Amino acid sequence: MEPRCLKRRVTGCSLDVHPTEKALVVQYEVEATILGELGEPVVEERKDCQKMIRLKSLNANTDTASLAHKVVEECQLIHPSRLAEVEQLLFYLQNRKQSSDNQQKKNVSPRDFALYAGVELEEASIGGIDEYVELLYEEIQEKIHGAALIFQLAQNPDNLEELMQHEAVLGALARVLREDWKQSVDLATTIVSVFFCFSSFSQFHRLVTHFKIGAVCMNITEHELKRCELWQDELQKKKKAADEFPDNQSLRKDLDKSLRKYRSLLAKQEKLLKVSLYLLLNLAEDTRTELKMRNKNIVQMLVKLLERDDQELLLVAVNFLKKLSIFLENKNDMAEAAAVEKLARLLPCDHQELQSATCRLLLNLSFDTALRGQMVRVGLVPRLSSLLADEVQRQRAVCVLYHISMDDAFKSVFAHTDCIPQLMKIMLGGEEQLDVELVSLCINLAANWSNALLFCEGNGLKLLMNRALKLKDVLVMKVIRNLSQHGGPTKNLFLDHVGDLAAQIREDEAEEFVIECLGTLANLTIPDLDWELVLREYGLVPYLKRRLKPGSAEDDLILEVVILIGTVSMDDSCAAMLAKSGIIPALIDLLNAQQEDDEFVCQILYVFYQMAFHKTTRDIIIKDTQAPAYFVDLMHDGNAAIRRVCDSTLDIIAEYDLEWARKIQTAKFCFYNSQWLEMVENRPPDEPFLFGDEPFLFGDEPFLFGDEPFSGNRAVLERPDLFYAADGILSGDGSVSPGFYAEIQSDELGEAENLSRFWFLCWFWFSLSFSSLDQFIPSVSGPMSRSSTATAPTLPGKPGSFPKVWDLD
């Protein structure tokens, strides 16, 4: 005969308060005795249980004595003799302050997912878990009731271990979810909420994965999105019909009824989608699981959800996308799904967490150039600019705006927003240290002319200058330096601050700050500025000369010194002052030391270009230095900016010095005909020239130019009869006889072939005279050819240009 249970006894009851909630926790032990046929004890089992008494109405005005009596009366587990202990615990709960950590934890706890409205449930007990499981095998309403009671237990993290040990509980829940989730949204929401409680802890992720709850949630999400599209299509049809027949009241009533039903269904659906996505987000801690989600188009689903209005659902969708966006493939999927366009409508909003998550997602996406362009096109710049006034969201908004400002094409967009006035207000609001991201954004924006006008509006430039000089703020000084590079009214505003900037150029000042001051002064190409007075009053010439020595300072500082010298050299008196101080030899020494750095070479050559305009300095450069030889060596450099400066400077030198003009012409001729010269030099002396298959010779007699035989030792460039003219070959001194032309024209060969032979011989004769260039161009120590890049300085107008006579390409 089977044994039967005789009695159950409760022992060892203890009371305590819940660590985070307003609730009493009753710990007790259940002792069950099973008797056999003759009444003898067969099995005796003991089990530890727990009951939680929630006190939702407990507040500062609650009468704890009355509440204690009520608790003791309704809870049979507490003996009346413990009334004083219950009252003491209630008093403690009444006066306990909720910490910010607990409050923050509550915001993300599973209890956020409240059960569906309109259902009253009894207090769930861990001891009744078997009864709750039995309900899962009944009809839909009983299944919902049983799942809700289990969810009530799962909300307490202390019960999760106990529930995990009951394999039948989780197995039954997973089975019901897989089979019946389409039949009831409430049932699906409740069961998914139970598994969400487990997914909130990493140690239970394997358990959730074991029952394949993630795959079910993916199917739920996909199905609900498609069902919502069907609802919307149906509503659109009914709305269209009601609009076509406005007098038909039945169609209007049907539309209103469908609209109310749609909103009700949408609210339930969004609750299910929210808890499903939170569960998936927790499981996505494992990158392998996340990859499986991506393969099932999780990105497209999340982007589709950005069209919803429920802020809590939007929050989980944005947070999920933010996590996914750190991978390139997911970022590309978001770009294809037009995620940026849908995110734009979320800024600004009254939900702080949603705003923060949206800005973080946009920051991740803003590393892509194409997506930055989309942000500008959908109008995100003014939306992000409006967040600068919010101290909570400011840093994230600034970071996104900084990335957008890196593209020159987008800088002008900021001029049509209130971004720059907001930035100026923040920068000038106090003397505290500014965020690097904020000042970096200002530096980028100041590089645009229209933005520079806004920065300098009113007393903007003066206030920025005061802050930079007072606090020695290098970053603000960089903003000022970018403002100084623009022409027009902004540059003239710097006339009042030239003295302040020049006073900072000292050896005892920080190099980084001095670099920015030098760069700002170098940008001030203002005709009304008396540079000679500035150099004398602040004693800058000795400082500039000392800094030109290689190794005297960092290369960045030396380069800024060279650029400043190029700016002041536009003034005739300043150029003469610098030449007398010995700066030109110092520049040549620096050129030798930095000949591999294109930026240095280009800027030093630009200084000589400026000095070549003034007679005093031009004579020093031509007669007392080897600078022209350097220009000849570098005029065919691989860097286009260097070639441009060299060509312009050599044109000026050739116009004022005939000897150097001949040398420059010779060098250009040899460069353009280098291949022919090499062929001539390597030809055996007794080998005839061929034109086609025939020797290209006119008998054994020497060919005559006029009455003289051709001599390879004679300088070809001195033969005026060999120059081109508009109407053919010149016979400047009559050395080419008319008979020569007649002889060529009367040849048995065709006219075109005779003319080709003639020009071929001319090139050959020219080449014989230039077998060596040592007699024409002085040697310059050190190679002077590179192939890297340099910034081309702006060349002002020059008095004249020397024609490229031998540029015969």
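This section describes the fold, the packing, the cavities and the backbone geometry of a predicted model.

The protein has 809 residues, and 48% of them are buried. Its secondary structure comprises 42 helices and nine strands. Among contacts with a separation of 6 or more, 70% join residues 24 or more positions apart. The exposed surface amounts to about 41,400 Å². Carbon and sulfur atoms supply 49% of that surface.

Confidence varies along the chain. The average pLDDT is 81, and 79% of the residues score at least 70. Two stretches stay under 50. One is residues 696–717, for which the model has 49 contacts beyond four places in sequence. Another is residues 767–785, with 47 such contacts. Where pLDDT is low, the predicted coordinates should not be read in detail.

The largest nonpolar core has 222 residues. Leu24, Leu173, Leu384 and Leu483 have the most contacts inside it. Leu384 touches Leu347, Cys359, Ala397, Val400, Leu401 and Ile404, with residues up to four places away in sequence left out of the count. A second, separate core has seven residues, including Cys228, Leu255, Tyr262 and Leu266.

Helix H22 spans residues 419–427, and seven of its nine residues are buried, so the helix is largely enclosed by the rest of the structure. The buried residues are Cys419, Ile420, Gln422, Leu423, Met424, Ile426 and Met427. Their cover includes helices H19 (380–385) and H20 (394–405). It also includes H23 (436–445), H24 (449–455) and H25 (460–471). Leu384, one of the residues with the most contacts in the largest core, has a number that falls within the range of H19.

Glu134 presents another setting. This residue lies in helix H4 (residues 129–135). Its relative accessibility is 52%, and because exposed means over 50%, Glu134 counts as exposed. The C-alpha atom of Glu134 is 9.2 Å from that of Ala172, although the two residues are 38 residues apart along the chain.

Five cavities of 30 Å³ or more were found. The largest cavity holds about 120 Å³ of space. Its lining consists of Gln50, Lys51, Met52, Arg54, Glu123, Ala124, Ser125, Ile126, Gln152, Leu153, Asn156 and Asn159. Strand E3 (41–54) and helix H5 (140–154) each supply at least two of these residues. E3 gives the largest share, with four residues.

Several backbone features stand out. Most residues other than glycine have a negative phi, and most peptide bonds are trans. The peptide bond from Leu347 to Pro348 is cis, with omega near -15°. Pro348 sits in the loop between helix H16 (339–344) and helix H17 (352–365). Leu347, on the other side of this bond, is among the residues touched by Leu384.

Positive phi values occur at Asn297 and Ala338. Phi of Asn297 is near 65°. Asn297 is located in the loop between helix H12 (287–295) and helix H13 (298–305). Its relative accessible area is 43%, so Asn297 is partly exposed. Ala338 has a phi of about 60°. Ala338 belongs to the loop between helix H15 (328–336) and H16. With a relative accessible area of 22%, Ala338 is also partly exposed.

Methods:
Residues numbered from 1 in each chain as written. Predicted model: local features only at pLDDT ≥ 70, side-chain atom pairs only at ≥ 80, totals over all residues. Heavy atoms only, no water. Buried < 20%, exposed > 50% of the residue type's maximum accessible area, 1.4 Å probe, protein only. Helix = DSSP H or I, 4+ residues; strand = E, 2+ residues; numbered from the N terminus. Contact = heavy atoms within 4.5 Å. Core = buried A, V, L, I, M, F, W, Y, C linked by side-chain atoms within 4.5 Å. pLDDT = per-residue confidence, 0-100. Areas by Shrake-Rupley, 256 points an atom, 1.4 Å probe, with all protein chains shown as cover. 1 Å grid on protein atoms, 1.4 Å probe; cavity = no way out; pocket = protein on both sides within 12 Å on 5 of 7 lines; lining within 4 Å. Points joined across faces, edges and corners; volume = space filled by probe spheres on them.
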